[in-house]
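Reader: I am new to this structure and would like to learn how to read it feature by feature. Could you take me through it, giving the general idea before the particular case?

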Amino acid sequence: MTTEPAAVQDSSAPGSTAAGSATQGSATHEPAGQDPAVRARAVHFSFADVPVLHGIDVDLPWGSVTAVAGPNGAGKSTLVEILAGVRTPSSGSVERAADVALVVQRPAAPDSLPLTVRDVVTMGTWQARTPQSHRKPRLSKAERRQNIEEALHRVQLADLAERPFAALSGGQRQRALLAQGIARQARIFLLDEPAAGLDAASRERTRAMLAAEAARGAAVACVTHDDESIDTADLVIRLEHGRRIA
Ligand SMILES: Nc1ncnc2c1ncn2[C@@H]1O[C@H](COP(=O)(O)OP(=O)(O)OP(=O)(O)O)[C@@H](O)[C@H]1O
């Protein structure tokens with residue numbers, strides 16, 4: 001497990017796109033029941049001089065879905081960004097045991113972005129510029145292609161694979177970034193409101209996709225306001241005014 005007292009994200013890694021997915025770390029497939037996939041202790045964070053997180057502790061176990069719940073402005077997105085390593089806590093520690101795929105709330109993409117959905121998913125399979133000791137064994141071209149197609153199918157975007165990423169809806173973009181993490185064989189998935197703006201059937205499909213990743217052993221955490229997602233999660237973290245209340 002890597003310990004990062006001040007969490008560090010290699011934003012130059014190929015998995016980290018302007019579209020908002022971040023990937024880092026090693027390739028270990030940790031068995032469930034050992035150290036958590038992510039462990040955060042006494043995390044504080046301020047925007048300028050305004051404190052928004054006050055000493056948060058979090059464990060994200062392998063093989064489970066954790067819902068991060070709480071009212072608007074409670075600090076959920078900020079916490080998830082810190083857990084993913086794209087923000088550095090003012091104090092406290094974050095440890096991650098493996099690859100993190102971060103699916104942001106509103107993946108941005110300029111209309112001129114010359115990438116198809118398949119391109120975005122393919123970027124997940126590029127070798128990140130991580131230290132040698134953290135590198136995964138290189139996949140063959142055929143294995144990479146298979147991972148990409150499987151990931152596109154899993155998130156139900158196979159039919160839209162050749163469409164420009166910028167032409168997707170917000171929810172579809174999130175699914176493309178989820179597929180990027182799946183193709184990369186990320187072991188930790190952090191999602192910011194993957195159910196926002198989706199109809200009931202799409203929310204259910206998203207829940208099923210995330211549960212399937214957890215069933216494969218991944219640690220999944222998602223920020224959500226959706227009661228059903230909270231009720232069906234294995235664990236719930238509740239924030240209020242930047243403090244963890246459950
Ligand atoms: N870039 C920023 N600059 C300054 N303050 C910010 C910034 N982003 C968020 N905040 C403030 O930090 C606090 C926590 O915001 P955050 O987005 O983490 O909350 P949230 O629980 O995810 O909210 P929501 O449910 O509305 O998405 C809020 O008070 C918010 O106004």
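Author: What follows goes from the whole chain to its helices, then to the ligand and a few loop residues.

Reader: Before the details, what kind of model is this, and how many helices and strands does the chain have?

Author: This is a predicted model, so every value here is computed from predicted positions. The secondary structure of the chain amounts to six helices and ten strands.

Reader: What share of the 246 residues is buried, and what share of the contacts with a separation of 6 or more joins residues 24 or more positions apart?

Author: Buried residues account for 46% of the 246 residues in the chain. As for the contacts with a separation of 6 or more, 78% of them join residues 24 or more positions apart.

Reader: Which residues of the largest nonpolar core touch the most other members?

Author: That core holds 62 residues, and the ones touching the most other members are L83, A179, I188 and L190. Helix 4 gives the most to this core, contributing six residues.

Reader: How should I read helix 4, starting with its length and its burial?

Author: A useful first step is to compare the span of a helix with what its residue count leads one to expect. Helix 4 has 14 residues, which at 1.5 Å a residue should span 20 Å, and its end C-alpha atoms are indeed 20 Å apart. Eleven of those 14 residues are buried, so helix 4 is largely enclosed by the rest of the structure. The buried residues run from R173, Q174, R175, A176, L177 and L178 to A179, Q180, G181, I182 and A183. Among the elements that cover them are strand 6 (100-103), helix 2, helix 3, strand 7 (188-192) and helix 5 (200-215).

Reader: Which residues does A179 contact, leaving aside its neighbours within four places in sequence?

Author: With those neighbours set aside, A179 is in contact with V121, A151, L152, R154, V155 and L157.

Reader: Which residues of helix 3 are buried, and why do they lie on the same side?

Author: The general idea concerns the turn of a helix. An α-helix has 3.6 residues a turn, so residues three or four places apart point the same way. In helix 3 the buried residues are N147, I148, A151 and L152. They cover an arc of only 130° around the axis, which puts them on the same side of helix 3. The face turned away from this buried side carries the exposed residues A142 and E143, while the buried residues pack against helix 2 (117-123) and helix 4. Helix 3 has 14 residues and reaches 20 Å from its first C-alpha to its last, close to the 20 Å expected.

Reader: What is the sign of phi in Q156, and where does this residue lie?

Author: It helps to know the usual case before judging a particular one. Most residues other than glycine have a negative phi. Q156, which is not a glycine, has a positive phi near 60°, and it lies in the loop between helix 3 and helix 4. Q156 counts as partly exposed because it has 15 C-beta neighbours inside 10 Å. Just after helix 4, Q185 also takes a positive phi, of about 60°. H241, again not a glycine, has a positive phi of about 50°, and it is found in the loop between strand 9 (235-240) and strand 10 (243-244).

Reader: Which residues surround the ligand, and which helix gives the most to the shell around it?

Author: The ligand is surrounded by F47, V52, G70, N72, G73, A74, G75, K76, S77 and T78. By class, this shell has three nonpolar, six polar and one charged residues. Helix 1 (residues 76-84) gives the most to it, with three residues. Helix 1 is itself mostly covered, since eight of its nine residues are buried, and K76 and T78 are among these. Helix 1 is followed by G85, whose phi is positive, near 95°.

Reader: Where is A167, and how far is it from A109 in sequence and in space?

Author: A167 is found in the loop between helix 3 (141-154) and helix 4 (170-183). A167 and A109 are 58 residues apart in sequence, and their C-alpha atoms are 8.9 Å apart in space. A167 is partly exposed, because 14 other C-beta atoms lie within 10 Å.

Definitions and conventions. Residues are numbered from 1 along each chain as its sequence is written. This is a predicted model: local features need pLDDT of at least 70, side-chain atom pairs count only at pLDDT 80 or more; totals for chains, interfaces and linings use all residues. A residue is near a molecule or strand if its C-beta atom, placed from the backbone, lies within 6 Å of it. Helices (H or I, at least four residues) and strands (E, at least two) are DSSP runs, numbered from the N terminus. Ala, Val, Leu, Ile, Met, Phe, Trp, Tyr, Cys and Pro count as nonpolar, Asp, Glu, Lys and Arg as charged, and the others, Gly among them, as polar. A residue is buried if 20 or more other C-beta atoms lie within 10 Å of its own, exposed if 12 or fewer, and partly exposed in between; C-beta atoms are placed from the backbone. The expected span of a helix is 1.5 Å times one less than its number of residues. The arc is that of the directions from the helix axis to the C-beta atoms. Two residues are in contact if their C-beta atoms, placed from the backbone, lie within 7 Å. A nonpolar core is a set of buried Ala, Val, Leu, Ile, Met, Phe, Trp, Tyr and Cys residues joined through C-beta atoms within 7 Å.
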